[in-house]
Amino acid sequence: MKKSILIVMAILMAPVFGNAQSKFERYEKMREVSAMVITSNMFKLLAEIDLDSDDPEMQQYINLIENLKNIKVISTENTGIGAEMKQDFNSYIGSSSLEKLMSFKDEKKNVQFYSKPGSQKNYVSELLMLMQGEEDGKPMTVVLSITGDIDLKEVSKLAKDLEVPGAEQLEKVN
């Protein structure tokens, strides 16, 4: 009897201990959702490319990508799917140890950033963004999840270089 109760509790608690990467995985297969997922394997390959490591800017870039685990970006213009994404975002925020980093709203966008503390000051282990509003006159919802040992001062540069939707919003975090 006790074993059955423990199993049921473990099943019920499993979503609480899941991470944002798996929380938003279901959207990747949806027709009206654009998805970009970059894994740690890709970052390792990028770091191994024989780049000019004498260039301090390039070395900073290499150091940043070596410490990343995943970047996941999902976006949609479908308002129904966007509402589901917002609900899942809020559910994940409520069940995790993420803290609000910042939020802002202008006449066309509402953006929220949450994070988990990282290995040192100005670093986070997880950065999660929800952006809702209009882009080019169309409704847009974007969820961005980055995990690893993330230097907040450098991550916006990487996102911009990778042409991640919402990358320009990351610049406002610094």
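Tutor: Contact means that heavy atoms lie within 4.5 Å of each other. The model discussed here is predicted: local features need pLDDT of at least 70, side-chain atom pairs count only at pLDDT 80 or more, and totals for chains, interfaces and linings use all residues. Residues are numbered from 1 along each chain as its sequence is written, and side-chain values use heavy atoms, with hydrogens and water left out.

Student: Which residues is D151 in contact with, leaving aside its neighbours within four places in sequence?

Tutor: They are L64, N122 and Y123. D151 itself has its place in strand β6, where a strand is a DSSP run of E with at least two residues, a helix is a run of H or I with at least four, and both are numbered from the N terminus.

Student: Why is D151 called buried?

Tutor: Buried means under 20% relative accessible area, exposed means over 50%, and partly exposed is in between (1.4 Å probe, protein chains only). D151 has a relative accessible area of 15%, so the residue counts as buried.

Student: What makes a set of residues a nonpolar core?

Tutor: The members are buried Ala, Val, Leu, Ile, Met, Phe, Trp, Tyr and Cys residues, joined through side-chain atoms within 4.5 Å. In the largest such core there are 21 residues, and I71, F113, L127, M129, I146 and I150 touch the most other members. At least two residues of this core come from each of β2 (68–76), β3 (99–105), β4 (109–117), β5 (123–135), β6 (138–151) and α6 (152–161). The largest contribution, five residues, is that of β6. Another core, of 14 residues, lies apart from this one and includes F24, V33, F89 and L128.

Student: How do you know that β1 and β2 pair?

Tutor: Two strands pair if DSSP finds at least two bridges between them. Seven bridges join β1 to β2, so the criterion is met. The two strands run antiparallel, and V37 has K72 in β2 as its bridge partner.

Student: What order do the strands of the open sheet have?

Tutor: The six strands follow the order β1-β2-β6-β5-β4-β3, with antiparallel pairing. Because β1 (33–39) and β3 each have a single partner strand, they stand at the edges, and one side of each is left without a neighbour in the sheet. From one strand to the next, the twist averages 10 degrees. Helix α5 (residues 79–95) packs on the sheet, touching β1, β2, β4, β5 and β6, and its direction makes about 150 degrees with that of β5. For such angles, axes are lines fitted to C-alpha atoms, for helices over the stretch in contact, and the values run from 0 to 180 degrees between N-to-C directions.

Student: How many bridges join β5 to β6?

Tutor: There are 12 bridges, and the strands run antiparallel; M131 has V142 in β6 as its bridge partner. These strands form a hairpin with two residues between them, and D136 in the turn has a positive phi of about 55 degrees.

Student: Why is the pair of E84 and R26 called a salt bridge?

Tutor: A salt bridge requires a side-chain nitrogen of Lys or Arg within 4 Å of a carboxyl oxygen of Asp or Glu. The closest N and O atoms of E84 and R26 are 3.1 Å apart, so the pair satisfies the cut-off. E84 lies in helix α5 and R26 in the loop between α2 (20–23) and β1, so the pair ties together parts that are 58 residues apart in sequence.

Student: What makes E84 and R26 partly exposed?

Tutor: The relative accessibility of E84 is 31%, and R26 has a relative accessible area of 41%. Both values fall between the two limits, so each residue counts as partly exposed.

Student: How do you know that K116 and E126 form a salt bridge?

Tutor: Their closest N and O atoms are 3.5 Å apart, so this pair also fits the definition. K116 in strand β4 and E126 in strand β5 are 10 residues apart. K116 is partly exposed, with a relative accessible area of 23%, whereas E126, at 4% relative accessibility, counts as buried. Salt bridges that share partners also join R26, E84 and D88 into one network.
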